Structure formats: structure tokens, C-alpha cells
Amino acid sequence: RGLVAARAIRPGEPLAGAVAPGEAEVAPGRPVLSALPEGAVATRPLAQGARVDADALRTGPAPGSAVTVLVRSGALAVARPARAVPCSPEHACALLPSGRRVEGRYVDGRVVVEVP
């Protein structure tokens with residue numbers, strides 16, 4: 001059991017309400033999603049009944065779009081403009097003007113990076 005498209009879904013379309021639990025063929029090396037991450041959108045077209053796996057969705061900003069990166073270290077927080085770059089479905093990644101790539105969580109329209 002996993003998630004399948006309840007109807008045809010276009011790239012960039014939100015997946016909330018468009019997927020449902022169902023039976024799907026399991027491919028080797030591709031984990032089955034049992035829950036949809038909050039704010040997930042389709043990265044490619046999905047036909048009705050198609051299996052929804054991790055590479056069929058993304059969370060956070062679209063690659064290339066402008067984002068704000070908030071870097072937190074204890075009580076100190078610094079915000080910087082950046083560009084969103086491709087990342088794993090569980091995280092949000094951005095490229096800072098300095099050329100440094102950062103990875104964090106997408107919260108309230110910002111990429112939040114926690115520094116120990």
C-alpha cells in the first residue's frame with residue numbers, strides 16, 4: 001500500500017487532496033510513501049492511479065525562484081536573499097550570493113538553516 005494519484009495531476013500542482021491511499025507496484029530501490037509531506041507539489045505529470053513516490057514531488061520553493069534564507073545560531077538570526085536549488089523532498093536548499101549552498105527546512109516562505 002502507498003499513495004496513488006486520485007486524478008490526473010499536472011507538474012507544479014499541489015498534491016493535497018489529489019492523492020489517496022491505494023495499491024501500487026513497488027519498484028526495487030524506490031521506497032513507498034505512506035504520508036504526503038506538507039505543501040508537496042508534483043514535479044512531473046501523474047496519471048490517475050499512478051504511484052506517488054519521492055521523486056514525483058517536492059516541498060518548498062521551485063528551483064530558480066527567489067527565497068530568503070534565515071540562518072539561526074542560538075539567539076542570533078541572519079536573513080539573506082538567495083535562489084532556490086533542487087534538493088531532496090524532505091529539505092529545502094538554496095544558493096547564497098557568495099556561492100555557498102545551504103540546506104534546511106522550508107518554513108513560512110523561508111529556508112531556515114539551524115547552525116549548532
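**Exercise 1. Find out whether Asp53 is buried or exposed, and which residue it pairs with in a salt bridge.**

Step 1. Start with the surface of Asp53: its relative accessible area is 4%. Buried means under 20% relative accessible area, exposed means over 50%, and partly exposed lies in between (1.4 Å probe, protein chains only). Asp53 is therefore buried.

Step 2. Now look for a partner. A salt bridge is a side-chain nitrogen of Lys or Arg within 4 Å of a carboxyl oxygen of Asp or Glu. Arg44 meets this rule with Asp53, since their closest N and O atoms are 3.1 Å apart.

Step 3. Check the partner as well: Arg44 has a relative accessible area of 31%, so this residue is partly exposed.

A note before going on: this is a predicted model, where local features need pLDDT of at least 70 and side-chain atom pairs count only at pLDDT 80 or more, while totals for chains, interfaces and linings use all residues. Residues are numbered from 1 along each chain as its sequence is written, and side-chain values use heavy atoms, leaving out hydrogens and water.

**Exercise 2. Work out which residues are joined with Glu13 into one salt-bridge network.**

Step 1. Salt bridges that share partners link Arg7, Arg10 and Glu13 into one network.

Step 2. Take the pairs in turn. Arg7 and Glu13 meet at 2.6 Å, N to O, and Glu13 also meets Arg10, at 4.0 Å.

Step 3. Compare the surfaces. Glu13 is buried, with 14% relative accessible area; Arg7 is partly exposed at 36%; Arg10 is exposed at 60%.

Step 4. For the whole model, the count comes to six salt bridges.

**Exercise 3. Explain what charge partner, if any, the buried residue Arg51 has.**

Step 1. Locate Arg51: this residue sits in the loop between β3 (41-42) and β4 (57-58). Strands here are DSSP runs (E, at least two residues), numbered from the N terminus.

Step 2. Search for opposite charge, counting Lys and Arg as positive and Asp and Glu as negative, with His and the chain ends not counted. The nearest such side chain belongs to Asp53, 4.2 Å away, and Arg51 has no salt bridge. The reason is the cut-off, because a salt bridge needs the two atoms within 4 Å.

Step 3. See what surrounds Arg51. Contact means heavy atoms within 4.5 Å. Leaving aside neighbours within four places in sequence, the contacts of Arg51 include Leu3, Glu25, Arg30, Pro31 and Leu46.

Step 4. Follow one of these contacts back. Pro31 lies in the loop between β2 (19-22) and β3, and is exposed, at 60% relative accessible area. With the same neighbours left aside, Pro31 is in contact with Arg51 and Asp53.

**Exercise 4. Identify the residues with the most contacts inside the largest nonpolar core.**

Step 1. Recall the rule: a nonpolar core is a set of buried Ala, Val, Leu, Ile, Met, Phe, Trp, Tyr and Cys residues joined through side-chain atoms within 4.5 Å.

Step 2. The largest core has 13 residues, and those with the most contacts inside it are Ile9, Leu15, Val19, Leu33, Leu46, Val52 and Leu57. Apart from this core lies another, of ten residues, among them Val67, Val69, Ala82 and Val113.

Step 3. Zoom in on Leu15. Not counting residues up to four places away in sequence, Leu15 touches Ile9, Leu36, Ala40, Val41, Ala42, Leu46, Val52 and Leu57.

**Exercise 5. Find the two cysteines that form a disulfide, and give the distance between their sulfur atoms.**

Step 1. A disulfide is a pair of cysteine sulfur atoms within 2.5 Å, and the count comes to one.

Step 2. The pair is Cys87 and Cys93, with sulfur atoms 2.0 Å apart.

Step 3. Cys87 is partly exposed, at 28% relative accessibility, whereas Cys93 is buried, at 2%.

**Exercise 6. Say where Asp108 lies and what its phi is near.**

Step 1. Asp108 is in the loop between β8 (101-107) and β9 (110-114), and is exposed, with a relative accessible area of 73%.

Step 2. The phi of Asp108 is near 50°, a positive value in a residue other than glycine. Most residues other than glycine have a negative phi.

Step 3. Finish with the full chain: nine strands and zero helices, with 32% of its 116 residues counted as buried.

Conventions:
Helix = DSSP H or I, 4+ residues; strand = E, 2+ residues; numbered from the N terminus.
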